[in-house]
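Biologist: Could you walk me through some of the charged pairs here, and tell me what earns each label?
Modeller: Gladly, let's take them one by one.

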Amino acid sequence: MINRIDFTKERYELVEMLKLEGVIRSKLVEEAMLNVPRELFVPENLRHVAYADHPLPIGYGQTISAPHMVAIMTEELDVKPGMRVLEIGTGSGYQAAILAYIVSKDPRGHVFTIERIPQLAHRACIALKKARLGDYVMVVVGDGTEGLPEFAPFDRIIVTAAAPKIPEPLVDQLKPGGKMVIPVGSRWEQILLVVEKIDEKRIRTRTSIPCVFVPLIGKHGWREDTFSL
(Lines give C-alpha, C1' and ligand atoms only; values in the text may rest on other atoms or scores of the structure.)
Protein backbone atom coordinates (compact mmCIF):
# COMPACT_ATOMS: atom_id res chain seq x y z
CA MET A 1 0.00 0.00 0.00
CA ILE A 2 1.34 3.47 -0.93
CA ASN A 3 1.51 5.88 2.02
CA ARG A 4 1.06 9.19 0.23
CA ILE A 5 2.33 12.37 1.84
CA ASP A 6 0.95 15.00 -0.54
CA PHE A 7 -2.75 14.72 -1.38
CA THR A 8 -3.09 18.09 -3.11
CA LYS A 9 -4.02 16.55 -6.47
CA GLU A 10 -6.69 14.30 -4.93
CA ARG A 11 -8.11 17.20 -2.93
CA TYR A 12 -8.34 19.43 -6.00
CA GLU A 13 -9.98 16.69 -8.11
CA LEU A 14 -12.56 15.98 -5.40
CA VAL A 15 -13.50 19.66 -5.08
CA GLU A 16 -13.77 20.04 -8.86
CA MET A 17 -16.06 17.00 -9.01
CA LEU A 18 -18.30 18.35 -6.23
CA LYS A 19 -18.49 21.71 -7.99
CA LEU A 20 -19.50 20.06 -11.26
CA GLU A 21 -22.18 18.10 -9.43
CA GLY A 22 -23.56 21.30 -7.93
CA VAL A 23 -22.74 20.20 -4.38
CA ILE A 24 -20.22 22.97 -3.72
CA ARG A 25 -21.85 26.28 -4.62
CA SER A 26 -20.04 28.95 -2.61
CA LYS A 27 -16.47 30.22 -2.69
CA LEU A 28 -16.20 29.88 1.10
CA VAL A 29 -17.00 26.15 1.06
CA GLU A 30 -14.78 25.59 -1.98
CA GLU A 31 -11.84 27.32 -0.32
CA ALA A 32 -12.33 25.44 2.95
CA MET A 33 -12.43 22.05 1.27
CA LEU A 34 -9.37 22.90 -0.82
CA ASN A 35 -7.34 23.97 2.19
CA VAL A 36 -8.34 21.55 4.97
CA PRO A 37 -6.33 18.30 4.62
CA ARG A 38 -8.94 15.56 5.00
CA GLU A 39 -6.21 12.89 5.22
CA LEU A 40 -5.34 14.15 8.71
CA PHE A 41 -8.81 13.22 9.96
CA VAL A 42 -9.01 9.59 8.79
CA PRO A 43 -7.23 6.57 10.32
CA GLU A 44 -3.70 6.20 8.98
CA ASN A 45 -4.47 2.88 7.27
CA LEU A 46 -7.25 4.60 5.26
CA ARG A 47 -5.41 7.73 4.20
CA HIS A 48 -4.96 6.40 0.68
CA VAL A 49 -8.77 6.66 0.25
CA ALA A 50 -9.22 9.90 2.20
CA TYR A 51 -10.60 11.62 -0.91
CA ALA A 52 -12.98 8.88 -2.02
CA ASP A 53 -16.50 10.29 -1.85
CA HIS A 54 -17.95 7.91 0.72
CA PRO A 55 -17.97 7.56 4.54
CA LEU A 56 -15.03 5.89 6.27
CA PRO A 57 -14.91 4.14 9.66
CA ILE A 58 -13.02 5.96 12.42
CA GLY A 59 -13.58 3.46 15.24
CA TYR A 60 -16.08 3.11 18.10
CA GLY A 61 -18.91 2.54 15.64
CA GLN A 62 -18.53 6.03 14.16
CA THR A 63 -17.69 7.34 10.68
CA ILE A 64 -16.29 10.38 8.94
CA SER A 65 -19.02 11.58 6.59
CA ALA A 66 -18.57 11.44 2.83
CA PRO A 67 -17.07 14.66 1.45
CA HIS A 68 -20.25 15.47 -0.48
CA MET A 69 -22.29 15.31 2.74
CA VAL A 70 -19.85 17.60 4.53
CA ALA A 71 -20.14 20.06 1.65
CA ILE A 72 -23.94 19.85 1.54
CA MET A 73 -24.32 20.42 5.29
CA THR A 74 -21.85 23.31 5.24
CA GLU A 75 -23.64 24.94 2.32
CA GLU A 76 -27.05 24.49 4.00
CA LEU A 77 -25.69 25.94 7.23
CA ASP A 78 -24.70 29.12 5.36
CA VAL A 79 -21.87 29.79 7.79
CA LYS A 80 -19.97 33.08 7.53
CA PRO A 81 -16.68 34.46 8.89
CA GLY A 82 -16.96 35.64 12.49
CA MET A 83 -19.87 33.37 13.45
CA ARG A 84 -20.06 31.28 16.60
CA VAL A 85 -20.95 27.73 15.60
CA LEU A 86 -21.93 24.74 17.73
CA GLU A 87 -21.34 21.26 16.31
CA ILE A 88 -22.92 18.17 17.86
CA GLY A 89 -20.85 15.06 17.13
CA THR A 90 -17.18 15.90 16.64
CA GLY A 91 -16.27 12.46 15.31
CA SER A 92 -13.05 12.80 13.31
CA GLY A 93 -13.02 16.59 13.64
CA TYR A 94 -13.14 17.16 9.86
CA GLN A 95 -16.49 18.95 9.78
CA ALA A 96 -15.37 21.17 12.66
CA ALA A 97 -12.18 21.95 10.71
CA ILE A 98 -14.14 22.99 7.61
CA LEU A 99 -16.32 25.27 9.73
CA ALA A 100 -13.33 26.67 11.61
CA TYR A 101 -11.54 27.52 8.37
CA ILE A 102 -14.53 29.65 7.35
CA VAL A 103 -15.40 31.35 10.65
CA SER A 104 -11.75 32.12 11.48
CA LYS A 105 -11.55 34.57 8.60
CA ASP A 106 -12.96 37.02 11.15
CA PRO A 107 -11.27 36.91 14.61
CA ARG A 108 -14.65 36.82 16.33
CA GLY A 109 -15.42 33.42 14.82
CA HIS A 110 -15.19 30.20 16.81
CA VAL A 111 -16.43 26.60 16.65
CA PHE A 112 -17.58 24.68 19.72
CA THR A 113 -17.94 20.94 19.18
CA ILE A 114 -19.22 18.19 21.48
CA GLU A 115 -18.21 14.52 21.32
CA ARG A 116 -19.49 11.83 23.68
CA ILE A 117 -16.60 9.40 23.07
CA PRO A 118 -13.45 10.70 24.81
CA GLN A 119 -11.02 8.81 22.58
CA LEU A 120 -12.48 10.39 19.44
CA ALA A 121 -12.44 13.84 21.04
CA HIS A 122 -8.75 13.40 21.84
CA ARG A 123 -7.94 12.29 18.29
CA ALA A 124 -9.91 15.20 16.83
CA CYS A 125 -7.95 17.68 18.95
CA ILE A 126 -4.67 16.29 17.61
CA ALA A 127 -5.89 16.41 14.00
CA LEU A 128 -7.19 19.97 14.38
CA LYS A 129 -3.82 21.10 15.73
CA LYS A 130 -2.02 19.41 12.83
CA ALA A 131 -4.36 21.25 10.46
CA ARG A 132 -3.46 24.51 12.28
CA LEU A 133 -7.07 25.09 13.25
CA GLY A 134 -6.93 24.09 16.91
CA ASP A 135 -7.02 27.69 18.12
CA TYR A 136 -10.43 28.19 16.54
CA VAL A 137 -12.13 25.06 17.89
CA MET A 138 -13.10 24.06 21.42
CA VAL A 139 -13.68 20.30 21.75
CA VAL A 140 -15.88 19.26 24.68
CA VAL A 141 -16.65 15.72 25.87
CA GLY A 142 -20.29 15.38 26.85
CA ASP A 143 -23.92 14.90 25.83
CA GLY A 144 -24.33 16.92 22.66
CA THR A 145 -28.13 16.84 22.83
CA GLU A 146 -27.94 19.28 25.75
CA GLY A 147 -25.75 21.71 23.84
CA LEU A 148 -23.43 24.14 25.59
CA PRO A 149 -25.67 26.65 27.37
CA GLU A 150 -22.68 28.35 29.00
CA PHE A 151 -21.45 29.46 25.56
CA ALA A 152 -24.85 30.16 23.96
CA PRO A 153 -26.35 31.72 21.95
CA PHE A 154 -24.93 30.43 18.67
CA ASP A 155 -25.30 31.82 15.17
CA ARG A 156 -25.31 28.32 13.70
CA ILE A 157 -25.75 24.76 15.02
CA ILE A 158 -24.89 21.63 13.05
CA VAL A 159 -25.75 18.10 14.18
CA THR A 160 -23.77 15.29 12.55
CA ALA A 161 -25.77 12.38 13.97
CA ALA A 162 -29.34 11.20 13.44
CA ALA A 163 -31.94 12.51 15.90
CA PRO A 164 -35.44 11.11 16.47
CA LYS A 165 -36.60 14.74 16.77
CA ILE A 166 -35.11 18.22 17.02
CA PRO A 167 -33.64 18.58 20.55
CA GLU A 168 -35.30 21.50 22.34
CA PRO A 169 -32.11 22.62 24.15
CA LEU A 170 -30.46 23.19 20.78
CA VAL A 171 -33.34 25.34 19.56
CA ASP A 172 -33.13 27.33 22.80
CA GLN A 173 -29.39 27.94 22.27
CA LEU A 174 -29.80 29.17 18.70
CA LYS A 175 -29.86 32.94 18.16
CA PRO A 176 -33.01 34.45 16.65
CA GLY A 177 -32.23 34.59 12.94
CA GLY A 178 -29.85 31.65 13.31
CA LYS A 179 -29.88 28.32 11.49
CA MET A 180 -29.49 24.69 12.47
CA VAL A 181 -28.85 21.73 10.15
CA ILE A 182 -29.83 18.34 11.58
CA PRO A 183 -30.70 14.85 10.23
CA VAL A 184 -34.02 13.69 11.72
CA GLY A 185 -35.84 10.39 11.31
CA SER A 186 -35.55 6.71 12.16
CA ARG A 187 -32.33 4.85 12.95
CA TRP A 188 -31.85 3.74 9.36
CA GLU A 189 -33.05 6.69 7.30
CA GLN A 190 -33.40 10.39 7.89
CA ILE A 191 -34.12 13.69 6.20
CA LEU A 192 -31.69 16.55 6.56
CA LEU A 193 -33.62 19.46 8.02
CA VAL A 194 -32.69 23.13 7.88
CA VAL A 195 -34.17 24.91 10.90
CA GLU A 196 -34.39 28.70 11.00
CA LYS A 197 -35.17 30.43 14.28
CA ILE A 198 -37.54 33.28 13.47
CA ASP A 199 -37.76 34.58 17.05
CA GLU A 200 -37.65 33.20 20.59
CA LYS A 201 -40.93 31.31 20.11
CA ARG A 202 -41.02 30.32 16.44
CA ILE A 203 -38.96 28.21 14.06
CA ARG A 204 -39.32 27.46 10.35
CA THR A 205 -38.21 24.07 9.03
CA ARG A 206 -37.22 23.14 5.50
CA THR A 207 -36.37 19.66 4.22
CA SER A 208 -33.13 19.19 2.30
CA ILE A 209 -32.07 15.65 1.25
CA PRO A 210 -32.49 12.04 2.42
CA CYS A 211 -29.47 10.83 4.40
CA VAL A 212 -28.18 8.14 6.77
CA PHE A 213 -26.16 9.03 9.88
CA VAL A 214 -25.08 7.21 13.02
CA PRO A 215 -27.54 7.75 15.90
CA LEU A 216 -27.50 10.83 18.11
CA ILE A 217 -27.13 9.36 21.60
CA GLY A 218 -28.16 11.43 24.60
CA LYS A 219 -30.87 12.74 26.89
CA HIS A 220 -32.71 14.42 24.00
CA GLY A 221 -31.76 11.85 21.35
CA TRP A 222 -31.66 8.05 21.24
CA ARG A 223 -31.00 5.99 24.38
CA GLU A 224 -27.48 4.56 24.49
CA ASP A 225 -28.67 1.04 25.33
CA THR A 226 -30.79 1.00 22.15
CA PHE A 227 -27.71 0.62 19.96
CA SER A 228 -24.54 -1.41 20.24
CA LEU A 229 -21.20 -0.21 18.88
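Biologist: What makes the contact between Asp-155 and Lys-175 a salt bridge?
Modeller: This is a predicted model, and in it the N to O distance for Asp-155 and Lys-175 is 3.1 Å. The cut-off is within 4 Å, so the pair counts as a salt bridge. The two residues sit 20 residues apart, with Asp-155 in strand S6 and Lys-175 in strand S7, and so the pair links distant parts of the chain.

Biologist: Why is Asp-155 called buried?
Modeller: Its relative accessibility is 16%, and buried means under 20%, so Asp-155 qualifies.

Biologist: And why is Lys-175 called partly exposed?
Modeller: Lys-175 has a relative accessible area of 30%. Partly exposed lies between the 20% and 50% limits, so the label fits Lys-175.

Biologist: How do you know that Arg-108 forms a salt bridge with Asp-106?
Modeller: Their closest N and O atoms are 2.7 Å apart, and the rule asks for within 4 Å, so this pair passes.

Biologist: Is Arg-108 buried or exposed, and why?
Modeller: Exposed, because its relative accessibility of 63% is over 50%. Its partner Asp-106 is buried, because 16% is under 20%.

Biologist: What makes Glu-39 and Arg-11 a salt bridge?
Modeller: The closest N and O atoms of Glu-39 and Arg-11 are 3.1 Å apart, so they meet the 4 Å rule. Glu-39 is in the loop between helix H2 and strand S1, while Arg-11 is in helix H1, 28 residues apart. Both Glu-39 and Arg-11 are buried.

Biologist: How many salt bridges does this rule give?
Modeller: The count comes to 16.

Methods: Residues are numbered from 1 along each chain as its sequence is written. This is a predicted model: local features need pLDDT of at least 70, side-chain atom pairs count only at pLDDT 80 or more; totals for chains, interfaces and linings use all residues. Side-chain values use heavy atoms; hydrogens and water are left out. A salt bridge is a side-chain nitrogen of Lys or Arg within 4 Å of a carboxyl oxygen of Asp or Glu. Helices (H or I, at least four residues) and strands (E, at least two) are DSSP runs, numbered from the N terminus. Buried means under 20% relative accessible area, exposed over 50%, partly exposed in between (1.4 Å probe, protein chains only).
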